[in-house]
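Hi,

Here is the structure I said I'd pass on. Have a look at it first, then read my notes underneath.

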Amino acid sequence: MSTILITGATSGLGRYVAFELVRSGHVVLVHGRDAGRTERLAEELRAEGDAEAFVADLASLAQVRELAGHVADAHPELDVLVNNAGVGFGAPGAGREVSVDGHELRLAVNYLAPFVLTRALLPVLRANAPARIINVGSAGQEPLVFEDPEFTRGYDGVSAYCRSKFALAAHTFALAEELDGTGVSVNVLHPATYMDTAMVREADVTPWSTVADGAAGVLALATRDMGSGGFYDGTRPGRAHAAAYDPQVRTRLAAVTDQLVRT
């Protein structure tokens with residue numbers, strides 16, 4: 001059985017996946033932003049198995065790093081990381097928002113946070129190989145504009161979301177190459193389209209699918225060897241935006257990312 005950290009676990013897809021995994025006998029570490037909700041979830045999970053709560057605001061990279069430290073100290077046996085937490089399009093017509101660190105919010109939570117968390121936990125994951133990293137992405141992708149990665153001009157919530165998910169996919173492919181031969185796999189998936197979640201309802205979109213539909217792909221990647229460096233559409237191999245596979249794009253993304261996470 002594995003020890004699995006799931007970010008953004010207090011609602012929607014993350015919550016569903018947490019219950020499925022704990023019922024299967026895994027040790028499930030649930031992350032949330034709200035201490036009360038996260039601890040209540042852990043208590044519910046402990047009625048069915050082994051679970052622990054971890055609290056952090058992923059809009060703060062300092063808190064992301066603290067989260068990694070707390071998890072590594074408490075569970076040095078961690079062997080699966082599910083980067084599930086995310087911020088959606090926002091309400092229709094909503095303006096640009098920034099994180100605690102001053103980064104565009106969707107880029108900060110959907111990309112910079114999982115980037116930093118993964119980097120911080122890599123020593124633990126590598127020590128426990130075979131280990132797995134699952135990045136919950138989206139089929140909705142739009143290349144990041146490297147001249148304006150913070151989207152300060154012509155902001156649009158849907159585009160901001162799609163740019164953050166493009167960055168996550170491109171980073172996944174680069175990380176898979178870096179980790180080749182280490183026993184740590186990393187994949188990215190589009191769980192399902194417009195699941196019935198608070199994120200989708202906030203965007204005033206009628207859900208097309210359930211969180212159970214989306215959970216199948218996450219559960220498969222978290223519990224089975226499905227290779228590394230892949231993009232999955234649910235449980236099926238798919239293709240990310242073509243530019244996410246471009247080595248030059250990935251090199252530029254790495255340079256921009258390093259600059260952003262240092263500020």
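Below is what I found on the aromatic rings and the charges around them.

Bear in mind that this is a predicted model. Searching the whole structure turned up four aromatic pairs, and I'll go through two of them here.

One of them is Tyr 111 with Phe 115, a tilted pair with ring centres 6.1 Å apart and 50° between the planes. Both residues belong to helix α4 (residues 105–127), where they are four residues apart, or about one turn of the helix. Tyr 111 and Phe 115 are both buried, too.

The other pair is Phe 173 with Tyr 245. It counts as stacked because the planes are at 10°, under the 30 degrees cut-off, and the ring centres are 4.6 Å apart. Phe 173 comes from helix α5 (residues 157–178), while Tyr 245 sits in the loop between β8 (236–237) and α8 (247–262), so this pair ties together parts that are 72 residues apart in sequence. How buried or exposed are the two partners? Phe 173 has a relative accessibility of 4%, so it counts as buried. Tyr 245 has a relative accessible area of 23% and is partly exposed.

Tyr 245 also has a charge over its ring: the charged end of Arg 239 sits there, 3.9 Å from the ring centre. So Tyr 245 is stacked with Phe 173 and has Arg 239 over its ring as well.

There is another case of a charge over a ring elsewhere: the charged end of Arg 163 sits over Phe 151, 3.7 Å from the centre of that ring.

Cheers

Key
Residues are numbered from 1 along each chain as its sequence is written. This is a predicted model: local features need pLDDT of at least 70, side-chain atom pairs count only at pLDDT 80 or more; totals for chains, interfaces and linings use all residues. Side-chain values use heavy atoms; hydrogens and water are left out. Rings of Phe, Tyr and Trp (its six-membered ring) pair if their centres lie within 6.5 Å; planes under 30 degrees apart count as stacked, over 60 as edge-to-face and the rest as tilted. Helices (H or I, at least four residues) and strands (E, at least two) are DSSP runs, numbered from the N terminus. Buried means under 20% relative accessible area, exposed over 50%, partly exposed in between (1.4 Å probe, protein chains only). A charge sits over a ring if NZ of Lys or CZ of Arg is within 6 Å of the ring centre and within 35 degrees of the ring normal.
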